[in-house]
Amino acid sequence: MSLKSVLTLYRTHKWTKVTFLAIIGLLLILFPVVYPKSYVMGVACRILMYVILAGSLNVINGYSGQFNIGHAGYYCIGAYTAAILTTKLGWSFWIVLPLGGLMAALVGLLVATPTFKLRGIYLAIVTLGFSEIIRLVALNWQSLTGGPFGIKGIPAPLLFGFRITKSIHYYYIFLALAVLFLLATYLIINSRVGRAWVSIREDEDAARSLGIETRFYKGLNFMYGAFWAGIAGAAFAPYFKFISSDMFSLDEGFNILSMVIIGGQGTLIGPVLGSVIINFLTEFLRPISQYRFVVYALLIIVMMWIRPQGLAGASHSILASNRIFAHRKRAPSSRTRQVEGDK
Amino acid sequence: MATILEARDVCQYFGGLKAVEKVSMKIEEGDIFGVIGPNGAGKTTFFNICSGILKPTSGEIVFCGESITGSPPEKIARKGMARTFQNIQLFKYMTVLENVKIGFHTRTKTTMFSALFRTKQYWQDESFAHDNALNILEQVGLLEYKDTLASNLPYGVQRKVEIARALALDPKILLLDEPVAGMNPVESQELANFIIGLNKAGITIVVIEHDMKFVMSTCNRILVLNFGQKICEGTPEMVQNDKAVNEAYFGKGLAIEEGYQSATH
């Protein structure tokens, strides 16, 4: 079955959709039973983590149309919050998990508040700088973060007296978190709040004239995206057992961004696809080591060229109209005109 | 009748350019108020000041007895002022129904919490927005287009969608920026009738328009701007016979003999 037919199936009927999702869910639950090898589980865990990270970035970039490229910063905050609280204070993983998210959300609000008036590339620069600031704080605040040595020996979480150590166990935790994330996002996107976010992406002035408090909703949007990135960080700190600031560099931010772009911004399924594709590529391209980044870059360029809305993006989305082969037949919109004017 | 919207000596300067200079006006409840003037007269700038998109350099805007000078557009919208834009600002890549549903934002209350847990509030709001959006679309005569993407519609229909979206706010006053631009005479007559209907239903209308036939037949009061200044305010008859207005439109000397109607066509 080609990707396209899968997607059309996904979009067709409610019950087809539910059955389809149920089958996928069942396969995901049974997956570790079939492939219990720790290497496979490790890759699966990473894919699930990036589903949350790319998905939460997609809420900011795809749905409300902001341009955040410093998502690794929130991820970093979640991971460090969890690592510090579990190692220094001995708190339980299950308390630390939401705390990591809340901490990231709080910082997300701090970043969003002064940048409400910034759009596009200007916001991107601020978020980029923010991400670096967070990393540098983590690198230099030795007493709290261990500085360049990072934090070692993050304890494994306990679940009903059972210590979670193997990848296969983590797989189920991450699967649960990813499903929870997708469900929560689905519920919010299809509500008044989600519509307000999308209206900001489509036309901020019009949204304001309809009484939508765009600042409030942008702040909420940033907080929501940052929250889940923080959760992902907090969940992965014990999985990695060790964290250090170089895991949260700008490369990581771009890595997450590339998943969102390749998968398809502004769609729920896009970042999932993006995460699967990029992580598979990472594994396949291991033999050529750092040259694989060239492949990512080429992939993004090609995607921007022929399918700017991403693999799962709808051809009628606002993102598709930016394509280089501008749709000349379509009634001229300000965006297509801009693209043509730039040539 | 009470005054619903009042401007007091409103000025808007962009650097050295005096886009709007000391404009005062009063709109009574129940008016269909026309704002006309040659191109570049500052009509749209004046609208942007009234709806809060621009903050005036000086002067005051009073809406329903309350000063709204410098309030952000979302607050003014909440108070009951809705508007459309000259260069149609629809959510282009959403369907007509979705566009109108977004207009119900101020009249619904769903928060993130109620959306997440699908509380009663969520279902109430969703059905309220959905049913009323369909209602409005039916009133405007756009029900057949409800699942069409806004960008795929002809220009005239897009203008109507924008009006429908503004009506979702249940406004006290509706600001229309060139509503019949791009419509043929039959369509513009239909829209005029529709606007008169809205007015009868209790919505005060302010309209910027270049189509004189439309303005003269629908409006009961008219404000004329030229080079950012008010040159006349009054009933259509007063405006048509005003010397300054005729000079602004047709130039000096010629205007008075030629009259107005003959020169528009």
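The paragraphs below lead through this structure, beginning with chain B as a whole and ending with the core.

The model is a predicted one, and every value given here is computed from it. Chain B is built from 12 helices and 10 strands, and its C-alpha atoms fill a box of roughly 70 × 40 × 35 Å when the box is taken along the principal axes. To judge how the chain is packed, one can compare its radius of gyration with an expected value: a compact globule of 265 residues would have a radius of gyration near 18 Å, and because chain B has 19 Å, the two agree. Of the 265 residues of chain B, 47% count as buried. Among the contacts in chain B that link residues at least 6 apart in sequence, 64% join residues at least 24 apart.

A good place to look at the chain in detail is its beginning, where strand 1 (residues 3-14) and strand 2 (residues 17-28) of chain B pair in the antiparallel sense over eight bridges. One of the residues to find here is B:Val10, whose bridge partner in strand 2 of chain B is B:Val23. The two strands form a hairpin with two residues between them, and in this hairpin B:Gly15 takes a positive phi near 60 degrees.

From there, the reader can turn to the place where the two chains meet. The contact takes 31 residues from chain B and 26 residues from chain A. On the side of chain B that touches chain A, the elements that give two or more residues are helix 2 (73-79), helix 3 (96-102), helix 4 (112-116) and helix 5 (120-140) of chain B, and helix 2 of chain B gives the most, with four residues. The residues on this side of chain B divide into 15 nonpolar, eight polar and eight charged.

The last stop is the largest nonpolar core, which has 167 residues, and of these A:Ile52, A:Leu53, A:Ala79, A:Ala232 and B:Ile205 touch the most other members. Helix 11 (residues 214-240) of chain A gives the most to this core, with 16 residues. In chain B, domain 1 (1-80 + 171-265) and domain 2 (90-170) both give residues to the core, so the core lies between them. Which residues surround A:Ile52, once its neighbours within four places in sequence are left aside? A:Ile52 is then in contact with A:Leu177, A:Ala178 and A:Phe181, and also with A:Trp228, A:Ile231 and A:Ala232.

How values were computed
Residues numbered from 1 in each chain as written. Chains lettered and ligands numbered in written order. Predicted model: local features only at pLDDT ≥ 70, side-chain atom pairs only at ≥ 80, totals over all residues. Core = buried A, V, L, I, M, F, W, Y, C linked by C-beta atoms within 7 Å. Buried ≥ 20, exposed ≤ 12 C-beta atoms within 10 Å, placed from the backbone. Domains from an automatic or database assignment. Contact = placed C-beta atoms within 7 Å. Nonpolar A, V, L, I, M, F, W, Y, C, P; charged D, E, K, R; others polar. Rg over C-alpha atoms; globule rule 2.2 N^0.38 Å. Pairing = 2+ DSSP bridges.
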